[in-house]
Amino acid sequence: MSQLKIIFNRLKELSRKMIITSFLSLVIAAGYFAHGAFSEPTADPSASDQDFTENILGANSADNNFDSTSVVANADGSIIERLNYIKENLGGGGIDYSLQKNQIYDDLNCVNNNEEADTACGATDAEYTGEESTWTLYTDASLSGALVASGKVYLDERTGLYWADAHDLVSGNNTPDAITNEFTIGTGCSDAQINAGECDSSMYQTKGNAVQYCLDLSLDADGDGTDETTWYLPSQKELMQAYINGSGNNIPNPAVYYWSASEYYSNASYAWYVNLSNGGTGLNGKTNGTYARCVLR
């Protein structure tokens, strides 16, 4: 019996040591994981060995201070940085909508025009632009046959949309030309796709001149020397948002009506247009000539 008791006690001691060893191993593993999570990762976000912690904390800076100011220009921004950027810039946190309150004069008037009735803005009259977005200019100096009035492309920093200049029958001629917009949605998109916002103009059954013009456009949007080819005809609401964000004061040739890729709900022979200078929106028969400009996400 004493021998059995000795063996039993030794087994119990061995089990206790195994439990302690396992526990310490877990503590060490957890510490290693925590160190990796809160230290600067080394793998590029596109690398196959990038792990979960690198996706969370990112691999784009030397200190991981979660500064979101450079996320737009930095494709390596971490999830935390990107969420912070969205909060500050797209979710209302970085946009002071109160600047749109009590506005009396539209983009064709001046803030100091109170005593001047309908006269034009004088040399000392500064137009109110407090509600506008920041617009960044990029220029494609080599149009390569792109039928745009100029190579100027403006990025609306608030929406992240790049806006090309107006359609022009002669590349770089700075004289916008009208175009028809005879697209047909038809069976190109199901009702479910339309309701889910998944029916882009490239899926239309027939695309017409304005839609096809944008789908065919090859133009450098961001000044990197490479032409983008995913341009499209904007929706009515994208055009209206561009006006709200200050297109009338920032992009070339805003003061005409521009076709949208939005069809009139009760008559498929009509589509919506928007004036990017005064915000006016209305309907036009698709066979009629109206101006067009393309946008890129």
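The following points describe the fold, the sheet, the hairpin, selected backbone angles and the main pocket of a predicted model.

1. Overall composition. The protein chain contains seven helices and seven strands. Read from the N terminus, the order of elements is α-α-α-β-β-β-α-α-α-α-β-β-β-β. Of its 297 residues, 34% count as buried. Among contacts with a separation of 6 or more, 49% are made by residues that lie 24 or more positions apart.

2. The four-stranded sheet. An open sheet is built from four strands in the order E1-E2-E3-E7, with antiparallel pairing. Strand E1 (135–139) and strand E7 (293–296) occupy the edges; each has a single partner strand, so one side of each is left without a neighbour in the sheet. On average, and with direction ignored, neighbouring strands of this sheet are turned by 25° against each other.

3. Pairing of E2 with E3. Within that order, E2 stands beside E3. Strand E2 covers residues 152–156 and strand E3 residues 161–166; the two run antiparallel and are joined by three bridges. At the level of single residues, leucine 155 is placed opposite tyrosine 162 of E3.

4. Helix H6 against the sheet. Helix H6, residues 236–244, lies across E1, E3 and E7, and its direction is at about 90° to E3. Both edge strands, E1 and E7, are therefore among the strands that H6 lies across. The buried residues of H6 are Gln236, Glu238, Leu239, Ala242 and Tyr243. Just after the helix, glycine 246 adopts a positive phi of about 110°.

5. The E5–E6 hairpin. Strand E5 (residues 270–275) and strand E6 (residues 281–285) run antiparallel and are connected by five bridges. One of the paired positions is alanine 271, whose bridge partner in E6 is asparagine 284. The two strands form a hairpin with five residues between them. In the turn, glycine 279 has a positive phi of about 80°.

6. Positive phi outside glycine. As background, most residues other than glycine have a negative phi. Two residues deserve inspection on this account. Serine 144, in the loop between E1 and E2, has a positive phi near 50°. Its relative accessibility is 63%, so serine 144 counts as exposed. Asparagine 174 likewise is not a glycine and has a positive phi, of about 60°. Asparagine 174 belongs to the loop between E3 and helix H4 (191–195).

7. The largest pocket: position. The volume of the largest pocket is about 530 Å³. Its lining comprises 22 residues, of which Cys199, Tyr204, Ser235, Ala261 and Ser262 are the closest to the centre. At least two lining residues come from each of H4, H6 and strand E4 (257–263). Helix H6 thus has two roles in this description: it lies across strands of the sheet and it supplies residues to the lining of the largest pocket.

8. The largest pocket: composition. What classes of residue make up the lining of the largest pocket? Eleven residues are nonpolar, six are polar and five are charged.

Note on methods: Residues are numbered from 1 along each chain as its sequence is written. This is a predicted model: local features need pLDDT of at least 70, side-chain atom pairs count only at pLDDT 80 or more; totals for chains, interfaces and linings use all residues. Side-chain values use heavy atoms; hydrogens and water are left out. Two strands pair if DSSP finds at least two bridges between them. Axes are lines fitted to C-alpha atoms, for helices over the stretch in contact, and angles run from 0 to 180 degrees between N-to-C directions. Contact means heavy atoms within 4.5 Å. Buried means under 20% relative accessible area, exposed over 50%, partly exposed in between (1.4 Å probe, protein chains only). On a 1 Å grid over the protein atoms alone, a cavity is a set of points where a 1.4 Å probe fits but cannot get out, and a pocket is an open set with protein on both sides within 12 Å along at least five of seven lines; lining residues have an atom within 4 Å of a point. Grid points are joined across faces, edges and corners, and a volume is the space filled by probe spheres set on the points. Ala, Val, Leu, Ile, Met, Phe, Trp, Tyr, Cys and Pro count as nonpolar, Asp, Glu, Lys and Arg as charged, and the others, Gly among them, as polar.
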